[in-house]
Amino acid sequence: MKRLIFMLSGSAVFGIVAYFFLIFFANWYGERYIHSDEDISIIYLVFLFVLCVSVVIGGIGGNIVYKNLTSRSSRPGGPSDF
């Protein structure tokens with residue numbers, strides 16, 4: 001259950017951070033390069049792809065953090081054995 005919480009938290013954090021970066025990029029890109037509805041639909045699909053990839057990377061990162069935290073606590077001779 002803890003692993004799932006770490007993975008969901010990592011996904012949420014990476015997704016939110018990517019979303020805010022995409023908002024700033026969309027404002028910059030939209031003013032300069034979007035001239036038609038086709039341009040909007042193309043950039044929208046790219047943004048959805050980037051957001052999905054960032055959520056997956058966040059889940060993988062959360063899993064790695066969970067593995068590192070649990071492997072440190074199960075090693076003999078660690079800081080908790082004083």
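# A walk along two helices

Start by selecting Arg-32 and Glu-31: these residues form a salt bridge, with their closest N and O atoms 3.9 Å apart. The term salt bridge here means a side-chain nitrogen of Lys or Arg within 4 Å of a carboxyl oxygen of Asp or Glu. Side chains of opposite charge can pair when their charged atoms come close. A search of the whole structure finds 1 salt bridge, so you have already seen it.

Before moving on, note that this is a predicted model, in which local features need pLDDT of at least 70 and side-chain atom pairs count only at pLDDT 80 or more, while totals for chains, interfaces and linings use all residues. Residues are numbered from 1 along each chain as its sequence is written, and side-chain values use heavy atoms, with hydrogens and water left out.

Now color the salt-bridge pair by accessibility. Glu-31 is exposed, at 65% relative accessible area, whereas Arg-32 is partly exposed at 42%. The classes are buried (under 20% relative accessible area), exposed (over 50%) and partly exposed (in between), with a 1.4 Å probe and protein chains only.

**Zoom out to the whole chain**

Switch to a cartoon view. The secondary structure consists of 2 helices and 0 strands. Helices (H or I, at least four residues) and strands (E, at least two) are DSSP runs, numbered from the N terminus. Of the 82 residues, 17% count as buried. The accessible surface comes to about 6,500 Å², and carbon and sulfur atoms account for 71% of it; areas come from the Shrake-Rupley method with a 1.4 Å probe, and for residues only the protein chains shown count as cover.

How far apart in sequence are the residues that touch? Among contacts between residues at least 6 apart in sequence, 78% join residues at least 24 apart. Contact means heavy atoms within 4.5 Å.

**Helix H1**

Select residues 2-33, which make up helix H1. Try the distance tool on the end C-alpha atoms of H1: they are 44 Å apart, which agrees with the 46 Å that its 32 residues should span at 1.5 Å a residue. That expected span is 1.5 Å times one less than the number of residues. Next, highlight Gly-10, Ser-11, Gly-15, Ala-18 and Leu-22, which are buried in H1.

**Arg-3 and Asn-63**

Go to Arg-3 in helix H1, partly exposed at 36% relative accessible area. Beyond residues up to four places away in sequence, Arg-3 touches Asn-63, Tyr-66 and Lys-67. Show the side chains of Arg-3 and Asn-63 to find a polar contact of 3.5 Å. A polar contact is a pair of N or O atoms within 3.5 Å; within protein, one must be able to donate a hydrogen and the other to accept it, and residues adjacent in sequence count only if both atoms are side-chain atoms.

Asn-63 sits in helix H2 (residues 37-74) and counts as buried at 17% relative accessibility. Apart from neighbours within four places in sequence, Asn-63 is in contact with Arg-3 and Met-7.

**Two serines**

Which residues of the chain does Ser-11 touch, not counting those up to four places away in sequence? They are Val-55, Gly-58 and Gly-59. Ser-11 belongs to H1 and is buried at 15% relative accessibility. A polar atom of the Ser-11 side chain lies 3.1 Å from the backbone oxygen of Val-55.

Now select Ser-54, in helix H2 and buried at 10% relative accessible area. Its side chain has a polar atom 2.8 Å from the backbone oxygen of Leu-51. Leaving aside neighbours within four places in sequence, Ser-54 is in contact with Phe-14, Gly-15 and Ala-18. Gly-15 and Ser-54 are 39 residues apart in sequence, yet 5.8 Å apart from C-alpha to C-alpha.

**Last stop: a nonpolar patch**

Turn on the surface and select Val-13, Phe-14, Val-17, Phe-21, Ile-42, Val-46, Phe-49, Val-50, Val-53 and Ile-57, which make a nonpolar surface patch of about 900 Å². H1 and H2 are the elements that give two or more residues to this patch, and the largest share, 6 residues, comes from H2. Patches are made of residues with over 30% relative accessible area and no salt bridge; like charges are joined within 9 Å, and nonpolar side chains (Val, Leu, Ile, Met, Phe, Trp, Tyr) within 5 Å. Finish on Ile-42, in helix H2, which is partly exposed with a relative accessible area of 45%.
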